[in-house]
Amino acid sequence: MKPALFAYAAPQSVEEALEILASDEMARPLAGGQSLIPTMNFRIAAPSTLVDLRRIGALNAHAVEGDVIRVGAMTRQRNLERDGAVQRANPLIAEVLGNIAHIVIRNRGTVGGSIAHADAAAELPCMLVATGGSVVARRAGGERTIAAEDFFHFHMTTALEVGELLTEVRIPALPPRTGYAFQEVARRHGDYALAGVCALVTLKDGVCTAVSLAACGVASKPTRLAEAESALLGAPPEGEALARASDAAREYATAADDRQASADYRRDLASALVRRTVTKAAERARERA
Amino acid sequence: MARSAARGTPLGQSPDPRVAVSMTVNGERVEREVSPRMLLSDFIRHELRLTGTHVGCEHGVCGCCTVIIDGKAGRSCLAFAVQADGASIRTIESVADADGTLHPVQQAFRECHGLQCGYCTPGFVMSIVDYLEDTPDPDLSEDAIREVLSGNLCRCTGYKNIVAAFRRSAELMRGAR
């Protein structure tokens with residue numbers, strides 16, 4: 001199918017883009033288009049105006065600054081995936097990106113686009129929640145920083161308001177003594193995940209001193225698995241504590257049965273993926289120590 | 001805003017706004033006025049009459065419409081022509097030499113029988129050309145090759161020979177260096 005009619009603008013600056021977005025609440029920013037254009041081709045989305053961000057050079061930059069990786073919204077996923085400095089600062093990022101669709105999609109897909117689109121099954125939002133990252137939203141005359149946990153509200157629904165533009169994503173570097181893992185289960189390679197889990201495990205003397213777990217695909221937004229985290233805190237990441245964490249993850253899989261998977265199956269996946277990712281993350285934490 | 005204004009357009013006239021675009025396609029400069037909603041795949045096929053770029057699913061799943069946009073393989077059905085303003089595009093028509101000598105990737109597909117009906121082939125070839133130009137010493141394990149090829153679907157289910165063609169492409173391109 002073909003998209004419905006829309007007007008097109010390709011401004012040179014964030015200010016200009018904000019002006020257009022503020023003047024028309026049905027206008028939408030166009031980043032890499034790898035999610036927005038298919039939804040427009042199906043006429044699920046029909047924005048009045050597309051504000052193409054590709055000419056705004058300031059949005060297409062990223063840098064490791066101390067313990068934070070600042071990623072301009074228009075940074076292509078594949079560029080971030082292949083950046084050595086980013087890999088050293090937080091190797092979780094490349095592992096997560098490798099699960100997004102296919103190389104050809106990641107060549108065009110952007111980091112900011114995926115996060116602003118906020119598909120509940122998408123990998124990057126899940127990673128941002130797990131790492132405790134944040135986004136920068138600009139509006140005419142100001143900007144605010146929104147923590148990942150406050151940013152995602154529901155399927156494709158975020159804290160962004162009309163006239164606001166996501167300009168930057170901030171991902172913390174991997175903390176010391178910490179291991180990481182992201183794994184997902186999908187029907188076909190490259191599909192959106194039926195369920196995915198992102199784990200960060202910090203070990204001291206064989207015991208978890210910090211644990212962060214987030215899941216995608218199992219609820220209406222990327223979700224922190226707080227109960228599973230507390231089951232592991234102060235315990236070694238194995239045996240009984242891991243079994244309790246893995247069990248606690250089931251409660252967070254609230255998605256109803258759909259064509260792809262039953263609710264029960266998703267609960268099983270959340271549970272199994274917590275076990276696998278925590279084990280992998282703990283192994284990596286030991287290697288780094 | 002734009003749409004409500006367009007509803008008043010008389011029948012038979014396109015309500016679509018026109019946007020001037022100019023880009024380089026296979027080394028030649030092209031200039032057209034297009035509707036913002038024209039997909040790059042339709043622009044290539046209908047405006048430029050370069051019908052080697054195929055359109056399968058039109059939502060980014062099948063990979064048939066893959067072209068190289070500013071040096072990176074991309075789905076032409078997941079881009080609007082207006083987004084390619086100022087860009088340099090390569091399509092399957094540019095891959096063989098002007099005298100008909102096949103590109104190593106095309107040669108490899110031929111040698112390995114990497115195609116049956118051929119519908120998906122331009123997409124596979126463009127994905128592989130881009131990948132191998134970017135990664136001259138690729139991991140040639142079965143898993144790694146399938147990872148690269150995973151973005152392209154073949155409905156004749158000929159993946160075994162396509163994997164072989166990828167491996168042969170890498171050999172031929174290495175030999176050519």
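Which residues point one way from strand β3 (residues 49-52) of chain A, and which the other way? I looked this up in a predicted model. T49(A) and V51(A) point one way, L50(A) and D52(A) the other, and all are buried.

**Entry 1: partners of β3(A)**

I followed β3(A) to the strands it pairs with. Strand β1 (residues 7-9) of chain A runs parallel to β3(A), and three bridges join them. In this pairing I found Y8(A) opposite L50(A). Strand β2 (residues 28-30) of chain A also pairs with β3(A) in the parallel sense, over three bridges. Here P29(A) stands opposite V51(A). I noted that both of these β3(A) residues, L50(A) and V51(A), are buried, and that they point opposite ways from the strand.

**Entry 2: the open sheet of chain A**

Next I wrote down the order of an open sheet in chain A. Five strands make it up, in the order β4-β5-β10-β6-β7, and the pairing is antiparallel. β4 (62-65) and β7 (142-147) of chain A stand at the edges with a single partner strand each, so one side of each has no neighbour in the sheet. From one strand to the next the twist averages 20°.

I then checked the edge at β4(A). Its partner is strand β5 (residues 68-72) of chain A, joined to β4(A) by four bridges, and the two run antiparallel. Across this pair, A63(A) stands opposite R70(A) in β5(A). As background, strands of a sheet pair through backbone hydrogen bonds, either parallel or antiparallel.

**Entry 3: cavities**

How many cavities of 30 Å³ or more does the structure hold? I count two. The largest has a volume of about 70 Å³, and the second largest about 40 Å³.

The lining of the largest cavity takes residues from both chains: R78(A), R82(A), I103(A) and N107(A), with G71(B), K72(B), D130(B), Y131(B), D134(B) and T135(B). By type, I have five charged, three polar and two nonpolar residues there. α6 (103-108) of chain A and α4 (121-134) of chain B each supply at least two of the lining residues. The largest share, three residues, comes from α4(B).

For the second largest cavity I listed I103(A) and V104(A), then A73(B), S127(B), D130(B), Y131(B) and V148(B). This lining divides into five nonpolar residues, one polar and one charged. α6 of chain A and α4 of chain B again each give at least two residues, and α4(B) again has the largest share, with three.

I compared the two lists by name. I103(A), D130(B) and Y131(B) occur in the lining of the largest cavity and also in that of the second largest.

**Entry 4: helix α4(B)**

Since α4(B) came up at the largest cavity and at the second largest, I looked at the helix itself. Is α4(B) largely enclosed or largely open? Twelve of its 14 residues are buried, so α4(B) is largely enclosed by the rest of the structure. The buried residues are T121(B), P122(B), G123(B), F124(B), V125(B), M126(B), S127(B), I128(B), V129(B), D130(B), Y131(B) and L132(B). Among them are D130(B) and Y131(B), which I had already listed at the largest cavity, and S127(B), which I had at the second largest.

I also checked the length of α4(B). At 1.5 Å a residue, its 14 residues should span 20 Å, and the end C-alpha atoms are 20 Å apart, which agrees. A general point on helices belongs here: an α-helix has 3.6 residues a turn, so residues three or four places apart point the same way.

Definitions and conventions. Residues numbered from 1 in each chain as written. Chains lettered and ligands numbered in written order. Predicted model: local features only at pLDDT ≥ 70, side-chain atom pairs only at ≥ 80, totals over all residues. Heavy atoms only, no water. 1 Å grid on protein atoms, 1.4 Å probe; cavity = no way out; pocket = protein on both sides within 12 Å on 5 of 7 lines; lining within 4 Å. Points joined across faces, edges and corners; volume = space filled by probe spheres on them. Nonpolar A, V, L, I, M, F, W, Y, C, P; charged D, E, K, R; others polar. Expected span 1.5 Å × (residues − 1). Buried < 20%, exposed > 50% of the residue type's maximum accessible area, 1.4 Å probe, protein only. Pairing = 2+ DSSP bridges. Axes fitted to C-alpha atoms, helices over the stretch in contact; angles between N-to-C directions.
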